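Reader: I'm new to this one and would like a close look at a single part of it. Could you walk me through the charged pairs and then show me what sits around them?

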Amino acid sequence: MGVGKTTVCRSLMARLDGCFWLDGDWCWTMHPFIVDDETKALVVDNIVHTLSGFLRCSRCRTALLSWVLDLPETWELLLRRLPLDGCRVHRVILTARAEVLAARVAADVAAGIREPGAVERSLARLPRYAGLPGLHLDTTGLTPDDVAAQLLDLLTAQEAVRTPHLYIKNI
């Protein structure tokens, strides 16, 4: 939470033709917000269904997924259930220094965008990402457009943009 994944994905959408984007939070919009085994399974089903549709669409050249994915088993579950034949998957982990992340999330709480306690939850998750495999990109001091440009440069250097699909995993 708070690293800029939504805004970065908006910037990527503007730069990539044939780009489809799914924010995992859209699949978990509910009131009250409840995290339990049943709602987790529902959200994963929703994400798999929607991303699978994107991947089967002939107009889709790039599929972006932004979601808080700090548990390796959730990432692995998604990969097992998605139709990935002919796709190249890239896991990108956006991070920020703890004090910057805390300030960003606190500003969102003050603006009513996030609930109280979001700062503590976000900071508690931050160490989980350090050991995860993937391309790590620190957003500290960067605008979302800077992050999107750096990300595309890094992936282009890996010849990833020439492949049919791109998955972005952000915290």
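How many salt bridges does the count come to?

Author: The count comes to six salt bridges. Keep in mind that this is a predicted model, so let's check how far to trust it as we go. As background, side chains of opposite charge can pair when their charged atoms come close.

Let's start with D145 and R15, which form a salt bridge with their closest N and O atoms 3.9 Å apart. A salt bridge is counted here when a side-chain nitrogen of Lys or Arg is within 4 Å of a carboxyl oxygen of Asp or Glu, so this pair makes the cut. D145 sits in helix α6 (residues 144-157) and R15 in helix α1 (residues 5-15), so the bridge ties together parts that are 130 residues apart in sequence. Both ends are partly exposed: D145 has 45% relative accessibility, and R15 has 39%.

Next up is the pair D45 and R81, whose side chains meet in a salt bridge at 2.8 Å, N to O. This one also links distant parts of the chain, with D45 in helix α2 (residues 37-56) and R81 in helix α3 (residues 72-81), 36 residues apart. Here too the ends are partly exposed, D45 at 37% relative accessibility and R81 at 38%.

Then there's R125 with D70, where the closest N and O atoms are 3.0 Å apart. R125 belongs to helix α5 (residues 118-129), while D70 lies in the loop between β2 (62-66) and α3, and 55 residues separate the two. R125 is partly exposed, with a relative accessible area of 28%, but D70 counts as buried, at 6% relative accessibility. There's a third partner as well: D70, R125 and R128 are linked in a network of salt bridges.

Now back to α1, the helix that holds R15. Its buried residues are K5, V8, C9, S11 and L12. Looking down the axis of α1, you'd find them within an arc of 160 degrees, so they line one face of the helix. The general idea is that an α-helix has 3.6 residues a turn, so residues three or four places apart point the same way. On the face of α1 turned away from that buried side you'll find the exposed residues R10 and A14. As for what the buried residues of α1 pack against, that's β1, β2, β3 (92-95) and α6.

Several of these helices also turn up around the largest pocket, which holds about 1,300 Å³ of space. Its lining is made of 37 residues, and M1, D25, F33, V68 and R114 lie nearest its centre. The elements giving two or more residues to that lining are α1, α2, α3, α4 (98-110) and α5.

One backbone detail is worth a glance: the peptide bond from H31 to P32 is cis, with omega near -5 degrees. In general, most peptide bonds are trans. P32 has its place in the loop between β1 (19-23) and α2.

Finally, the trust check. The mean pLDDT of the protein is 88, and 92% of its residues reach 70 or more. Confidence is highest in α2, at a mean of 96, and lowest in α6, at 89. Over residues 160-166, though, pLDDT stays under 50. Where pLDDT is low, the predicted coordinates should not be read in detail.

Definitions and conventions. Residues are numbered from 1 along each chain as its sequence is written. This is a predicted model: local features need pLDDT of at least 70, side-chain atom pairs count only at pLDDT 80 or more; totals for chains, interfaces and linings use all residues. Side-chain values use heavy atoms; hydrogens and water are left out. Helices (H or I, at least four residues) and strands (E, at least two) are DSSP runs, numbered from the N terminus. Buried means under 20% relative accessible area, exposed over 50%, partly exposed in between (1.4 Å probe, protein chains only). pLDDT is the predictor's confidence in each residue, from 0 to 100. Contact means heavy atoms within 4.5 Å. The arc is that of the directions from the helix axis to the C-beta atoms. On a 1 Å grid over the protein atoms alone, a cavity is a set of points where a 1.4 Å probe fits but cannot get out, and a pocket is an open set with protein on both sides within 12 Å along at least five of seven lines; lining residues have an atom within 4 Å of a point. Grid points are joined across faces, edges and corners, and a volume is the space filled by probe spheres set on the points.
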